[in-house]
Amino acid sequence: MDNIKELYKTWNEFLIRWPVSAVEAMTLDEYTGLEDKETFTYWLEHRLIEYGSIRGGSAYKFGVFRKADTSKEHPAKSYKSDDKYAWHEKFGATSAAAFANIKQHIIEIITAVKTNNLSLIESCPLAHTLKWKVAFHYQDQQSPTVLGVFNLEALQTYLDKKLSMTEALKLVAEELTYENLITKTYDIWNEWADLKNITIWKISHGAGVIFDSVSNWLDAQQ
């Protein structure tokens with residue numbers, strides 16, 4: 001059991017840093033930053049990578065983000081920016097409005113996963129990888145319903161059925177326990193990677209084996 005608890009160590013550190021009350025009080029600067037490794041999005045993308053990767057691709061997957069290069073502008077009209085942030089216009093006319101909308105969606109996702117309302121999560125307009133990553137980390141660890149595999153095709157291949165994300169997760173949930181949730185994530189992702197000939201790197205030698213693969217491809221499901 002001690003080894004299993006070790007697998008959950010970083011996840012639980014995240015929940016201590018970002019309990020629901022902290023999410024509800026979260027500011028835009030706490031959501032996204034450039035050097036701050038305590039921001040909500042930094043935790044999700046980098047510090048929680050061992051529980052399912054959402055690395056790579058465009059930072060627009062977060063809905064709004066702090067720009068490293070303030071001179072860059074996205075050519076598409078559906079993207080907006082100001083002197084600090086860039087964001088999806090669908091979430092708001094300003095960075096502040098967009099963030100307020102995004103935070104509300106995140107809170108709704110947290111509530112939904114705690115009540116096992118996966119269909120609400122699936123219909124949420126946030127990026128696919130972001131919303132399911134959030135759902136994964138705020139689910140009940142003792143009664144898990146969300147696997148750390150955020151690619152629908154991988155789940156469909158594992159189940160050998162064409163299903164929605166909600167339908168696929170509900171089937172997989174029948175197999176999930178506190179003891180096997182993380183290893184099940186690794187097993188399904190490794191099976192998918194072998195099938196697609198995807199390179200997977202082991203980037204940690206700790207108790208929790210960490211996998212990061214096809215980082216740009218993962219974000220294709222935004």
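Okay, one definition before anything else: a residue is called buried when its relative accessible area is under 20%, exposed when that figure is over 50%, and partly exposed in between. Keep that in your head, and take Lys80 as the test case. Its relative accessible area is 31%, so Lys80 goes down as partly exposed.

I should say right away that what you're looking at is a predicted model.

Let's stay with Lys80 for a moment. Lys80 sits in strand β2, which covers residues 79–81. Which residues does Lys80 touch, if we leave aside its neighbours within four places in sequence? Those contacts are Tyr85, Ala86, Trp87 and Glu89. Then there's Thr94: that one is 14 residues away from Lys80 in sequence, and the two C-alpha atoms are 7.9 Å apart in space.

Now let's zoom out. The protein has 222 residues, and 49% of them count as buried. We've got 12 helices and 5 strands. If you take the contacts with a separation of 6 or more, 59% of them join residues 24 or more positions apart. On the outside, about 10,600 Å² is exposed, with carbon and sulfur atoms supplying 49% of that.

Next up, helix α8, residues 128–138. How many of its residues are buried? The count is 11 of 11, so this helix is mostly covered. Scroll along and you'll pass, among them, His128, Trp132, Phe136 and His137, buried like the others in α8.

So what packs on α8? One helix to look at is α6, residues 95–114: the axes of α6 and α8 come within 9 Å and cross at roughly 50°. That angle is why we call α6 oblique to α8. The crossing is right-handed, by the way. On the α6 side, the contact is made by Ile106, Ile109, Ile110, Val113 and Lys114, and on the α8 side by Lys131, Val134, Ala135 and Tyr138. Sort those residues by type and you get 7 nonpolar, no polar and 2 charged. Here's a handy bit of background for reading lists like that: an α-helix has 3.6 residues a turn, so residues three or four places apart point the same way.

Here's a second helix pair, α9 and α11. Helix α9 is residues 152–159, helix α11 is residues 181–196, and they pack at about 95° with their axes 10 Å apart. That makes the two roughly perpendicular to each other. From α9 we have Glu153, Ala154, Thr157 and Tyr158, meeting Lys184, Ile188, Trp189, Glu191, Trp192, Leu195 and Lys196 of α11. The split here is 6 nonpolar, 1 polar and 4 charged.

Last stop, the loops. Most residues other than glycine have a negative phi. Now look at Asn116, in the loop between α6 and α7: its phi is positive, near 60°. Asp160, in the loop between α9 and α10, also has a positive phi near 60°. Are these two buried or exposed? Asn116 is partly exposed, with a relative accessible area of 41%, while Asp160 is exposed, at 69%.

And one more loop residue, Glu50, between α5 and β1. Glu50 has a relative accessible area of 10%, so it counts as buried. Along the chain, Glu50 and Thr10 are 40 residues apart, and their C-alpha atoms are separated by 8.9 Å.

That's my tour, thanks for listening.

Methods
Residues numbered from 1 in each chain as written. Predicted model: local features only at pLDDT ≥ 70, side-chain atom pairs only at ≥ 80, totals over all residues. Heavy atoms only, no water. Buried < 20%, exposed > 50% of the residue type's maximum accessible area, 1.4 Å probe, protein only. Helix = DSSP H or I, 4+ residues; strand = E, 2+ residues; numbered from the N terminus. Contact = heavy atoms within 4.5 Å. Areas by Shrake-Rupley, 256 points an atom, 1.4 Å probe, with all protein chains shown as cover. Axes fitted to C-alpha atoms, helices over the stretch in contact; angles between N-to-C directions. Parallel < 35°, antiparallel > 145°, perpendicular 65-115°, else oblique. Left-handed = near helix turned anticlockwise from the far one by under 90°. Nonpolar A, V, L, I, M, F, W, Y, C, P; charged D, E, K, R; others polar.
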